[in-house]
Amino acid sequence: MFSEKAFELIKELERCPDTMPPFNDDTIRQVLEEIHLLYNENTRDSNSQNTSASSSGIHGSFMNAVIIRHTSIERNKRCLLAYLYNRLRRIRTMRWEFGPILPHDVKANLCEPEIQWFNNYSKSLATYMRSIGDGIGLNIMQDLKPPKSLYIEVRCLVDYGKFELEDGEIIFLKKNSQHFLPRAQCESLIQQGILQHIIL
């Protein structure tokens with residue numbers, strides 16, 4: 001039956017909604033071969049129909065066969081495009097989850113053009129982040145969910161010493177001291193392990 005292999009590709013993606021299945025090169029090749037076969041049959045029938053005189057009954061059955069094959073070609077193309085588009089959407093989502101370097105098990109399931117697309121997307125995203133913020137840049141990957149408040153409570157894990165805020169206020173960060181600081185200014189110290197965010 002027509003378009004079975006193309007439909008298998010869609011079902012394969014539905015079976016693995018949270019992971020990236022391996023790129024199914026063999027099934028894609030079979031679908032493309034089916035498209036070429038159906039197209040060649042339609043071309044052959046159209047050429048033979050044009051060269052021979054036929055009655056209206058033969059013409060009607062001829063047209064039905066051509067329409068069925070053409071519909072199968074269109075369905076195969078839609079399934080292939082849906083398969084590739086959904087894989088690219090998952091790859092784009094993984095860029096936001098994992099950053100510019102994919103885990104090895106995920107990368108093993110991608111084909112070479114998908115890896116190139118991921119690298120180009122990462123470069124475009126990095127270029128965009130560097131271009132905003134008056135030359136300073138802005139990491140749009142930092143807070144994917146908006147913060148509930150602009151200030152957070154933090155505990156100092158080491159004796160850090162003086163820390164100057166953007167408004168000029170100087171705070172002494174001593175081990176086990178707690179402070180209520182602007183989130184944006186203490187984010188780098190949290191990532192370095194100097195401060196710990198206290199979640200109430």
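1. Before we start: helices (H or I, at least four residues) and strands (E, at least two) are DSSP runs, numbered from the N terminus. With that in hand, G161 has its place in strand β2. G161 is partly exposed, at 27% relative accessibility; on this scale buried means under 20% relative accessible area, exposed over 50%, and partly exposed in between (1.4 Å probe, protein chains only).

2. A word on what you're looking at. This is a predicted model, where local features need pLDDT of at least 70 and side-chain atom pairs count only at pLDDT 80 or more, while totals for chains, interfaces and linings use all residues. Residues are numbered from 1 along each chain as its sequence is written, and side-chain values use heavy atoms, with hydrogens and water left out.

3. Back to G161, and try finding Y85 as well. The two are 76 residues apart in sequence, and their C-alpha atoms are 52 Å apart in space.

4. Strand β2 covers residues 161–164, and E164 belongs to this strand. E164 is exposed, with a relative accessible area of 54%.

5. E164 also joins E166, D167 and E169 in a negative surface patch. A patch takes residues with over 30% relative accessible area and no salt bridge, joining like charges within 9 Å and nonpolar side chains (Val, Leu, Ile, Met, Phe, Trp, Tyr) within 5 Å. The areas come from the Shrake-Rupley method with a 1.4 Å probe, and for residues only the protein chains shown count as cover. A salt bridge means a side-chain nitrogen of Lys or Arg within 4 Å of a carboxyl oxygen of Asp or Glu. Asp and Glu count as negative, Lys and Arg as positive, and His and the chain ends are not counted. Each charge is placed at NZ of Lys, CZ of Arg, CG of Asp or CD of Glu.

6. Looking for disulfides (pairs of cysteine sulfur atoms within 2.5 Å)? The whole structure has 0 of them. For C79, the nearest cysteine sulfur is that of C16, 17 Å away. C186 has C156 as its nearest, with the sulfur 11 Å away. Both cysteines are tucked under the burial cut-off: C79 is buried at 9% relative accessibility, and C186 is buried at 0%.

7. Two backbone angles to check. S3, in the segment before α1 (4–15), has a positive phi near 70° without being a glycine. S3 is buried, with a relative accessible area of 5%.

8. N176 likewise has a positive phi near 70° in a residue other than glycine. N176 sits in the loop between β3 (170–173) and β4 (178–182), and is exposed at 55% relative accessibility.

Technical notes
Disulfide = S-S within 2.5 Å.
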